[in-house]
Amino acid sequence: MAPEDEVFDTQAARTLVNQLRGTFSTCKTKSYEWRISQLKNLLKLANDHEQDIIDSSYLTSPNLHSKHMSPRSFLCFRSCLADLLDKVKTSITTFPSSAEVFPEPLGVVLVISAWNYPFLLSLDPVIGAIAAGNAVVLKPSEISPATSSLLAKLVGEYMDSSAVKVVEGAVPETSALLEQKWDKIFYTGNGKVGRIVLAAAAKHLTPVALELGGKCPVFVDSNTNLKVTTRRIIAGKWGLNNGQACVSADHIITTKDFAPKLIDALKVELEKFYGNDPLKSEDLSCIVSSNHFARLEKLLDDDKISGKIVHGGQRDQNHLKISPTILLDAPEDSLIMNEEIFGPLLPIVTVDSLEDSFNMVNSKEKPLAAYLFTNDKKLKEEFVRNVSAGGLLINDIALHLANPYLPFGGVGESGMGAYHGKFSFDTFTHKKAVLYRSFAGDASARYPPYTPAKLRLL
Ligand code: NAD
C-alpha cells in the first residue's frame with residue numbers, strides 16, 4: 001500500500017489500524033448495502049482480471065496452478081446476509097420476552113495469507129470478513145510477489161479504500177502489523193509462524209484462526225476401484241501444485257499385499273499424465289523456491305531412505321523441478337515420515353490391517369485432512385468415527401474444500417477455526433445474545449425480602 005521508498009513500520013501499522021478503526025466506528029461497514037456492494041466489487045475484480053491473476057501465479061512459480069474465487073462462495077454470502085438475525089427460543093425464566101442472536105462484526109481484522117494459492121487464500125477469508133461487516137487489512141505472501149502486488153493494485157482500485165487495505169511485505173511488515181491490536185487475526189501458513197501469530201495475538205487477547213498444514217494420510221483399501229483411486233491420488237498429489245498444497249496427499253497407508261498393485265497402477269497412470277520425462281512436463285509445477293527445493297532434497301538425501309525409492313527421484317535444480325517420486329516403507333524415524341512433505345514425494349507405508357492403522361494416525365499430530373479409498377461401508381464408518389483430522393474425504397482427495405457448505409479448517413497441530421461459506425461469516429462474527437423484555441410480568445419473587453418461599457422459586 002505504501003510507495004516503494006516508504007517503510008511500513010510499527011508507526012505506519014498503527015496509523016493504518018487507527019484509520020480503519022475510524023471507518024468502522026462510523027458503522028459504514030455494518031450496513032447490508034456496503035457489504036453487498038463490496039462483495040460485488042470483489043467478484044468483479046476477479047472476473048475482470050482472471051488472466052492477470054493466472055499470470056501472476058505463474059510468475060511466482062511456472063506452472064503453479066492458480067485457483068480462483070468461486071462465484072459460489074459469493075452466492076453463499078448473499079443467502080447468509082439475508083438471514084442476519086437468527087431468532088432463538090426464550091426460556092421460561094425470562095418470560096415474557098423474545099430473544100435473538102445478533103451477528104456483530106468483530107471490528108478491524110487482519111488476514112495474513114500464504115503463497116501456494118496466493119489469490120484464493122488471500123481473498124476467500126477477505127470475503128468472509130467483509131460479509132460479516134468488518135474493516136480488513138490483507139497481508140499477502142512475499143513468496144508470491146506478483147500476486148501480492150496485483151492484489152494491492154486491484155484492491156486499491158475496486159474496493160472501498162477506507163475499510164479494505166492491502167499491505168505488502170515480508171517478516172518486518174508482518175511483525176509491525178502483528179504488534180497492533182486487532183479484533184481477529186486470520187493466518188494461513190506453517191505452524192512455526194502460526195505460533196508467532198498466536199503469541200502476538202495473546203498480548204491483546206485477540207481471537208485467532210490458524211489455517212495450518214500437516215501430514216495428510218491417504219488410506220487405500222484393497223477393496224477399491226484401483227483405476228479411479230490411482231487417478232485421483234495423482235490429481236490430489238502431483239496435480240495440486242506438485243504436492244505444494246496443504247490438503248495434498250502426504251503419504252499412503254495400504255496393506256502389504258496390495259501395495260505392489262497400487263504402485264504398478266500409479267506408475268502406469270503417471271506416465272500417461274506426465275510422459276516418460278516428467279521433468280519436462282508443463283503440467284508439473286516447479287518447486288516454488290530454491291529454499292523449498294533444498295528442503296525437499298534433504299528429505300530425499302536422508303541416508304535412512306536409501307534404497308526406498310521405487311519410482312521417480314529425478315531432479316532438475318536449474319528449473320526447480322522434481323519428478324513424481326514414490327517411496328516404499330521409509331523408516332518411521334526418517335525425515336520424510338516426520339515432516340510435512342509439501343512437495344512431489346509420496347511415501348507408501350504398508351500395514352497388516354487398514355483398520356488397525358487408524359490408531360497409528362491418531363497417535364500422531366492431527367492432520368488437516370485424512371482420506372480413505374474403499375468400497376467397504378463398514379470401513380468408511382470406522383474411519384469417520386475414529387480418525388481425527390480437520391476434515392475427512394472418502395474416495396477422493398482435496399475436493400471437500402470445494403464444498404462451501406462444509407467448514408474448512410484444522411484441529412490440533414493443523415490449526416484452529418474454520419472458514420468457507422457461512423463458516424467464514426461465522427469466523428469473523430461475534431454472536432451477540434440479545435434478550436428483549438417488556439415491562440409486563442414484573443414478578444415480585446426476584447425482589448427482596450428473599451423469604452424461603454421466594455428463594456425456592458428463584
Ligand atoms: P508463506 O511462506 O507464504 O508464509 C505465510 C505468511 O506468513 C506470509 O504472509 C509470510 O509473510 C508470513 N510470515 C512468514 N514468516 C513470518 C514471521 N517470522 N513472522 C510473521 N509472519 C511471517 O507460507 P508457508 O508457511 O510456507 O505456507 C506453507 C504452509 O502453510 C504449509 O504448512 C501448508 O500446509 C500451510 N497451508 C495451509 C493452508 C490451509 O488452508 N490450512 C493453505 C495453504 C498452506
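Select P217 and H251 to begin: H251, in strand β9, is the bridge partner of P217. Widening the selection to residues 217-220 and 251-255 shows strands β8 and β9, which run parallel and are joined by 4 bridges. Keep in mind throughout that this is a predicted model.

**The open sheet**

From β8 and β9, extend the selection to the sheet that holds them, an open one of 7 strands with mixed pairing, in the order β10-β13-β14-β9-β8-β15-β16. At its edges stand β10 (309-311) and β16 (391-394), and because each has a single partner strand, one side of each is left without a neighbour in the sheet. Looking across the sheet, you will find a twist that averages 25° from one strand to the next.

**Strand β6 and its partners**

Next, select residues 184-188, which make up strand β6; 5 of the 5 residues are buried, so the strand is largely enclosed by the rest of the structure. With side chains displayed, K184, F186 and T188 point one way from the strand, whereas I185 and Y187 point the other way, and all of them are buried.

Add residues 108-112 to bring in strand β3, which runs parallel to β6 and is joined to it by 4 bridges. A residue pair to pick out here is L110 with I185, its bridge partner in β6. Then add residues 208-211, strand β7, which is likewise parallel to β6 and connected to it by 4 bridges; in this pairing, A209 of β7 is the bridge partner of F186. Selecting helix α8 (residues 191-203) together with β6 and β7 displays a right-handed β-α-β unit.

**Around the ligand**

Which residues come nearest to the ligand? Of the 28 residues around it, these are S141, G189, E211, G213 and C246. The elements that give two or more residues to this shell are α7 (171-178) and α8, and α7 gives the most, with 3 residues. If you colour the shell by residue class, you should see 13 nonpolar, 11 polar and 4 charged residues.

Two of these names recur in a database record, since the unreviewed UniProt entry lists E211 and C246 under "active site". Although spread over 36 residues of sequence, the two cluster in space, with a largest C-alpha distance of 9.2 Å. Stay on E211 for a moment: it lies in strand β7. Is E211 buried or exposed? It is buried, because 27 other C-beta atoms lie within 10 Å.

**Two further stops**

Move to H49, which sits in the loop between α2 (32-48) and α3 (50-60). H49 counts as buried, with 20 other C-beta atoms within 10 Å, and 20 or more is what that class requires. Select L154 as well, and the C-alpha to C-alpha separation from H49 is 8.7 Å in space, although the two residues are 105 apart in sequence.

Finish at D316, whose place is in strand β11 (residues 315-316). D316 has 14 C-beta neighbours inside 10 Å and therefore counts as partly exposed. With L266 added to the selection, a distance drawn from C-alpha to C-alpha gives 22 Å between D316 and L266, which are 50 residues apart in sequence.

Methods:
Residues are numbered from 1 along each chain as its sequence is written. This is a predicted model: local features need pLDDT of at least 70, side-chain atom pairs count only at pLDDT 80 or more; totals for chains, interfaces and linings use all residues. A residue is buried if 20 or more other C-beta atoms lie within 10 Å of its own, exposed if 12 or fewer, and partly exposed in between; C-beta atoms are placed from the backbone. Two strands pair if DSSP finds at least two bridges between them. A crossover is right-handed if, with the strands pointing away from the viewer, the path from the first strand over the helix to the second runs clockwise. Axes are lines fitted to C-alpha atoms, for helices over the stretch in contact, and angles run from 0 to 180 degrees between N-to-C directions. A residue is near a molecule or strand if its C-beta atom, placed from the backbone, lies within 6 Å of it. Ala, Val, Leu, Ile, Met, Phe, Trp, Tyr, Cys and Pro count as nonpolar, Asp, Glu, Lys and Arg as charged, and the others, Gly among them, as polar. UniProt positions are given in the numbering used here, feature names are shortened, and annotations may be inferred rather than shown by experiment.
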